[in-house]
Amino acid sequence: MFAAALVAADETVAYGPSSTDSAGFFLDYAWLVPLLPALSFLVILLFGKRMRGGGAGLGIAAVSGSFVLSIGALITWFDHRDEAHEGVAAVHRSVGWLTSGGVTFDAGILLDGLSVMMLLVVTAVSLLVHIYSTDYVAGDSRYTHFFAFLSLFTATMLFFVLSDNTLQMIVGWELVGVCSFVLIGHWWEEKPNSDAALKAFLTNRVGDVGLLVGVSILFFAAGNTFDTLTLSERVNAGEVSHTALLAASLCLLAAVMSKSGQFILHTWLPDAMAGPTPVSALIHAATMVVAGIYMVARLYPVFWEGMSIAGSSINMLALVGAVTLLFGGLLAFTQNDIKKVLAYSTVSQLGYMVMALGVGAWTAAMFHLFTHAFFKACLFLGSGSVSHAVHSFDMKADMGGLRKAMPHTYRTFLVASLALMGLPPLAGFWSKDEILAGTGGWGFFGGTQANGAYTLMLVMGMLGSAVTAAYMTRVIYLTFFGEYRGHGQPHESGPRIIVPLYLLATVALLGGLVNMPKGFQLWPKAWQERFGHYFEPEAAYFPYIAHARPSWSLGIAATVVALAGAGAAWRYYFKAVASRSAASAQSLTEIDDGPVSRGGLPRAAHTTLVNKYYLDHLYNGVIVKAVKGPIAKAAYWINQRVIDAVVNTAGRRSVTAGRAVYDHVDQTLIDRIIVDGSGRASDATGENLRTIQTGKVQQYAAILFAAATILAGVFMLILSL
Amino acid sequence: MILNQFLLLAAVLFCVGVYGVLARRNGIMVLMSVELILNSVNINLVAFGAFRDHVAGEVFALFVIAVAAAEVGIGLAIVLMIYRNRRSIDLTEADLLKG
């Protein structure tokens with residue numbers, strides 16, 4: 001405590017290549033951004049029930065404040081970036097928090113393009129989700145509680161994004177996990193919901209172990225530092241052994257796989273749909289799942305060196321991403337719950353981001369994170385609006401034909417879907433195309449020449465894009481076309497739901513314009529690649545990355561592939577299913593003699609997908625059962641036959657030995673000599689000493705002072721010698 | 001530096017305090033003498049802090065003041081209870097702990 005007070009009294013310490021002089025109010029005081037929602041969490045939790053509106057107003061005000069501060073930080077950062085000529089220093093502010101064993105633990109903020117961009121995305125999406133929630137969860141029994149944790153969720157994510165050292169990142173990472181646990185289990189009275197919350201939390205714990213180990217390896221490998229900038233610089237300068245970096249990056253990858261829902265640890269993510277829809281939107285667009293992506297982007301030199309991304313054609317990071325994007329996308333086909341389709345779609349899109357980071361397309365990954373945050377939030381909030389009207393999430397049983405009843409939701413959902421499919425000129429097209437170009441696998445017309453020749457990743461990305469287009473076409477048909485299959489009269493949602501949808505759809509429509517490819521003939525040169533220019537670090541703490549050349553042929557090919565996927569689904573649903581429905585005078589969701597019912601391979605594939613590749617069976621049935629069944633049985637057998645036998649024999653022997661000991665040692669030696677003797681000795685001593693115990697306080701004090709005086713005398717004597 | 005004067009003052013105060021604690025029979029007077037001792041220590045701390053140009057002395061003095069406040073609170077409560085039970089706060093009479 002005292003040491004902390006002393007360190008804090010020192011001047012603010014700053015390390016690394018950061019400038020210590022002021023970088024403008026919004027960057028210097030960026031810690032206010034997470035602080036506002038954190039304070040609003042406390043106030044809402046303590047006094048929310050007594051406030052008018054249950055504390056929702058305060059939450060919205062706090063997040064609005066954060067949003068305004070983030071905009072300020074963004075604009076200040078633009079100036080900061082434009083003033084810098086070669087390379088741009090990150091703004092780093094930190095204070096010593098405590099010192100232990102020669103290591104100083106800092107707390108601080110780190111602002112560069114990456115964190116400024118994340119601040120904007122998180123606060124913008126969170127603000128819209130807050131506004132949306134005032135309508136969506138109105139009348140809920142834990143309305144105040146919900147808004148308190150929505151604020152905390154936002155605050156912890158902002159805290160995580162601003163971390164300047166890996167230790168602080170762990171804190172933020174775990175806090176985000178706890179908040180998601182609370183919010184997913186918001187309606188915990190129903191068992192599946194609390195199970196889903198537990199599953200999310202426990203699956204994430206698996207990856208957290210990787211994070212802890214990875215951060216520890218990095219700490220020791222990079223010469224006892226948690227500081228992100230110092231660490232990255234040392235890695236970039238080649239001062240850290242490659243083996244340590246490989247081990248660290250693999251451990252961190254495990255953390256990313258659980259947090260960002262990468263294939264085989266993605267199973268918690270669809271179950272997390274048990275939470276209220278605004279929470280799903282927040283988890284899947286701006287917080288929680290992008291934490292893993294952000295962590296890779298922030299510690300990029302570690303992955304760049306550890307995974308040997310440059311000049312390679314395959315690595316673990318890219319492979320995990322590629323597998324996830326394709327297999328996650330396929331899973332979306334067999335889901336009937338609209339939110340689960342979107343959840344698997346998130347898994348797939350996160351796969352794109354991880355793959356992009358794995359092939360060295362850093363800017364493309366961040367750009368996709370940016371565009372995805374907005375169109376996916378729009379899709380989730382749109383699905384919430386639909387379910388609000390029909391009181392169900394089941395597309396096959398309760399939806400259909402909603403385009404007339406809910407025109408606003410339909411329009412915004414359609415725009416966001418087209419963006420997700422990656423059709424030009426919507427936002428998703430530009431970011432996805434940049435990722436595909438970034439693989440460097442495109443060999444026609446000069447190729448794109450990125451960091452390596454990741455042909456496999458390009459193929460997976462292309463296939464994934466066709467799959468995405470197809471399942472989104474399916475969702476749109478099942479939800480908005482055909483005849484209405486549900487009960488009651490669906491109605492359009494209120495303005496607090498519609499306005500956020502339109503805002504998000506606008507970004508989904510125009511978001512691509514912020515990062516038009518370099519050399520794109522149809523766009524002014526000064527406005528090309530603004531996103532990459534402002535947000536990609538160009539400093540000693542960031543590896544030198546080769547940028548892919550945009551390619552017309554690749555863009556056209558990607559569009560054709562997406563259109564082919566959408567076209568196939570369109571032929572099946574809008575033509576075949578729709579005409580059957582018209583013939584049978586009822587709304588169908590599939591054809592009786594469709595490919596699935598014909599048996600053979602399609603049937604087997606369908607069953608596999610319905611069972612989600614049997615991963616849940618693997619986790620629950622095999623792993624958990626193995627621990628519960630045979631292993632437990634074996635342990636019992638060993639317990640009965642081996643351990644008990646040993647115990648029994650040992651017991652009998654010790655009884656015999658004990659008797660002998662009792663007779664000779666205990667009775668004679670111990671009882672007579674030691675116990676009785678010591679009793680008599682202390683009795684005599686006590687009799688003599690009790691005369692000092694007068695019970696008078698002042699006599700005790702006199703003895704105390706006398707002793708102190710003598711000791712002081714001895715002390716001075718020793719000093720003078 | 002006039003450090004010595006402060007140290008002398010503190011030493012005198014300390015001795016007065018020790019005398020009070022040992023010689024007074026009134027419980028409240030003893031408590032007041034304890035305060036004197038504590039404050040003589042505070043003077044030392046602040047004087048050394050200023051002398052060595054280090055904030056640690058002042059910080060510790062603040063701690064001592066806070067602890068002393070709590071100590072007096074408890075001490076007075078004890079004296080009050082003794083008075084209620086015995087109608088006297090003569091410390092020489094309170095010797096229930098006699099061995």
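Tutor: Let's start with a term: a nonpolar core is a set of buried Ala, Val, Leu, Ile, Met, Phe, Trp, Tyr and Cys residues joined through C-beta atoms within 7 Å. Keep in mind that we're looking at a predicted model.

Student: Okay, so which residues touch the most other members of the largest nonpolar core?

Tutor: Val125(A), Ala365(A), Ala377(A), Cys378(A), Ala416(A), Leu504(A) and Ala508(A), out of 217 residues in that core. The top contributor is helix H17 of chain A, residues 362-390, which puts in 18 residues.

Student: What does Ala365(A) touch, not counting residues up to four places away in sequence?

Tutor: Its partners are Ile293(A), Ala297(A), Met353(A), Ala356(A), Leu357(A) and Ile435(A). There's also a second, separate core of five residues, and Val18(B), Val21(B), Val30(B) and Leu91(B) are among them.

Student: How do you know whether Tyr541(A) is buried or exposed?

Tutor: Count the neighbours: Tyr541(A) has 25 other C-beta atoms within 10 Å. The cut-off for buried is 20 or more, so Tyr541(A) counts as buried. As for where it sits, Tyr541(A) is in the loop between helix H24 (530-535) and helix H25 (552-584) of chain A. Going C-alpha to C-alpha, Tyr541(A) is 21 Å from Thr76(A), with their positions 465 residues apart in sequence.

Student: What makes H3(A) roughly parallel or roughly antiparallel to H4(A)?

Tutor: The crossing angle. The axes of helix H3 (residues 32-47) and helix H4 (residues 56-83) of chain A cross at roughly 175° and come within 8 Å. Anything over 145 degrees counts as roughly antiparallel, so H3(A) is roughly antiparallel to H4(A).

Student: Which residues make that contact between H3(A) and H4(A)?

Tutor: On the H3(A) side they include Leu32(A), Leu36(A), Leu39(A) and Val43(A), and on the H4(A) side they include Leu58(A), Ala62(A), Gly65(A) and Leu69(A). By class, the contact has 11 nonpolar and five polar residues, with no charged ones. Gly65(A) is in that contact, and Gly goes with the polar class by definition.

Student: How do you know how chain B's radius of gyration compares with a compact globule?

Tutor: Set one value against the other: chain B has 17 Å, whereas a compact globule of 99 residues would have a radius of gyration near 13 Å. Its C-alpha trace spans about 50 × 25 × 25 Å along the principal axes. Of the 99 residues in chain B, 15% count as buried.

Student: What elements are there in chain B?

Tutor: Three helices and zero strands, running α-α-α from the N terminus on. Chain A has 29 helices and two strands, and 50% of its 721 residues count as buried.

Student: How many residues does the contact take from chain A and chain B?

Tutor: It takes 12 residues from chain A and 12 residues from chain B. Helix H1 (2-9) and helix H29 (697-720) of chain A each supply at least two residues of the side that touches chain B. H29(A) gives the most to that side, with five residues. The chain A side divides into six nonpolar, four polar and two charged residues.

Note on methods
Residues numbered from 1 in each chain as written. Chains lettered and ligands numbered in written order. Predicted model: local features only at pLDDT ≥ 70, side-chain atom pairs only at ≥ 80, totals over all residues. Buried ≥ 20, exposed ≤ 12 C-beta atoms within 10 Å, placed from the backbone. Helix = DSSP H or I, 4+ residues; strand = E, 2+ residues; numbered from the N terminus. Contact = placed C-beta atoms within 7 Å. Axes fitted to C-alpha atoms, helices over the stretch in contact; angles between N-to-C directions. Parallel < 35°, antiparallel > 145°, perpendicular 65-115°, else oblique. Rg over C-alpha atoms; globule rule 2.2 N^0.38 Å.
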